[in-house]
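Look at the sequence and the fold below before reading on. The text then goes through the strands, two helices, a few unusual backbone positions and the cysteines.

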Amino acid sequence: MERIAELELMDNPAHAEAYACADFNAPHQRFVELFLQKVPPWCMASTLLDLGCGAADIAIRMAHAIPDAYIDGIDGSPEMLALGQRAIADAGLTSRINLQQVLLPDTHFTRRYPVIYSNSLLHHLKNPDTLWQTLIQVSAVPSFVFIVDLMRPSSMADVAHLVEHYVAAESPLLQQDFHASLCAAYRVEEVQVQIARAGLNGLTCEIISDRHWCVQGIVG
């Protein structure tokens, strides 16, 4: 199945609200658990960068899981960031999580981080190289990188099966968005080509579920 690009920003208020209200507890908690299994000990008490933080659910989970960490989250959607700010305030984490509107690529965003992570950002970007070049741009050299994203199925029938299996209980809008995201996602072999093209030899990509891959390793 060929890739079908989707909109880069979730800047429709209804779409943002549907995403923020959806039940992502299982995949988001799994993200944090896998991160904690892979992250080197020297990264634990530092400032983490959340690329494409959205409504900040993973940032909040990270802050709870790593009490000594501070988190900077960036996203291009003001609607998602507003929802994230509200969730951070409700969680009592405004002193440890900072959100900022940044639309990648952004050469003015020059702070460097020892830990960089991202969930489901790559498939939204018009140019996938934007993500990998941003990692180089913001890496503290060395930096630990942990990226998870959706994996494009082999057929539209497989897309429909995943939508039915995972989001049948969610709103029609979220089902529509999940369908579009699966169609826009990259396969492992495509990601491996992107990593090699960027010269990021310290990163590896592996399948971690029936719909996700994970890139992790050291940059710099």
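What follows is a walk through selected parts of this model, which is predicted.

A convenient starting point is strand β4, residues 113–119. Of its 7 residues, 6 are buried, so the strand is largely enclosed by the rest of the structure. Strand β1, residues 47–51, pairs with β4 in the parallel sense over 4 bridges. Within the chain segments just named, D50 stands opposite Y117 of β4. Strand β5, residues 139–150, also runs parallel to β4, and 6 bridges join the two. Here S118 is the residue that stands opposite I147 in β5. Y117 of β4 thus has D50 across from it, while S118 faces I147 of β5. In a regular strand the side chains alternate between the two faces of the sheet.

The connection from β4 to β5 involves helix α5, residues 129–138. Together, β4, α5 and β5 make a right-handed β-α-β unit. In the loop between β4 and α5 lies S120, whose phi is near 60°, a positive value in a residue other than glycine. How accessible is S120? The relative accessibility of S120 is 18%, and since buried means under 20%, S120 counts as buried. Further along, strand β5 contains P142, and the peptide bond leading from V141 to P142 is cis, with omega near 5°.

Another cis peptide bond joins L104 and P105, with omega at about -5°. P105 is found in a loop, the one between β3 (97–101) and β4. Strand β3 itself holds L99, which counts as buried at 10% relative accessibility.

L99 also gives a way to place helix α4. The C-alpha atoms of L99 and I88 are 9.5 Å apart in space, with the two positions 11 residues apart in sequence numbering. I88 is one of the buried residues of α4, the others being M80, L81, L83 and G84. On which side of the helix do these residues sit? They cover an arc of only 160° around the axis, which puts them on the same side of α4. The helix spans residues 78–90, 13 in number, and reaches 18 Å from its first C-alpha to its last, close to the 18 Å expected at 1.5 Å a residue. After α4 comes G92, with a positive phi near 70°.

Helix α2 can be read in a similar way. Its 14 residues reach 20 Å from first C-alpha to last, close to the 20 Å expected at 1.5 Å a residue. The buried residues of α2 are H28, F31, V32, L34 and F35. Seen down the axis of α2, these buried residues fall within an arc of 165°, so they line one face of the helix. A26 and Q37, on the other side of α2, are exposed.

H28 deserves a separate look. It lies in α2, which covers residues 25–38, and counts as buried because its relative accessibility is 6%. What does the side chain of H28 contact? It makes a polar contact with the side chain of D57, at 2.6 Å.

D57 falls at the start of the range given for helix α3 (57–65), and the loop between β1 and α3 contains A56. Phi of A56 is near 75°, which is positive although the residue is not a glycine. A56 counts as buried, at 0% relative accessibility. A56 and S120 can be set side by side: A56 has a positive phi near 75°, and S120 has a positive phi near 60°.

The cysteines come last. How many disulfides does the structure hold? The count is 0. C214 is in no disulfide, and the nearest cysteine sulfur, that of C205, is 7.6 Å away. For a disulfide the two sulfur atoms would have to be within 2.5 Å. C214 is buried, with a relative accessible area of 1%. C53 is buried as well, at a relative accessible area of 8%.

Terms used
Residues are numbered from 1 along each chain as its sequence is written. This is a predicted model: local features need pLDDT of at least 70, side-chain atom pairs count only at pLDDT 80 or more; totals for chains, interfaces and linings use all residues. Side-chain values use heavy atoms; hydrogens and water are left out. Buried means under 20% relative accessible area, exposed over 50%, partly exposed in between (1.4 Å probe, protein chains only). A polar contact is a pair of N or O atoms within 3.5 Å; within protein, one must be able to donate a hydrogen and the other to accept it, and residues adjacent in sequence count only if both atoms are side-chain atoms. The expected span of a helix is 1.5 Å times one less than its number of residues. The arc is that of the directions from the helix axis to the C-beta atoms. Two strands pair if DSSP finds at least two bridges between them. A crossover is right-handed if, with the strands pointing away from the viewer, the path from the first strand over the helix to the second runs clockwise.
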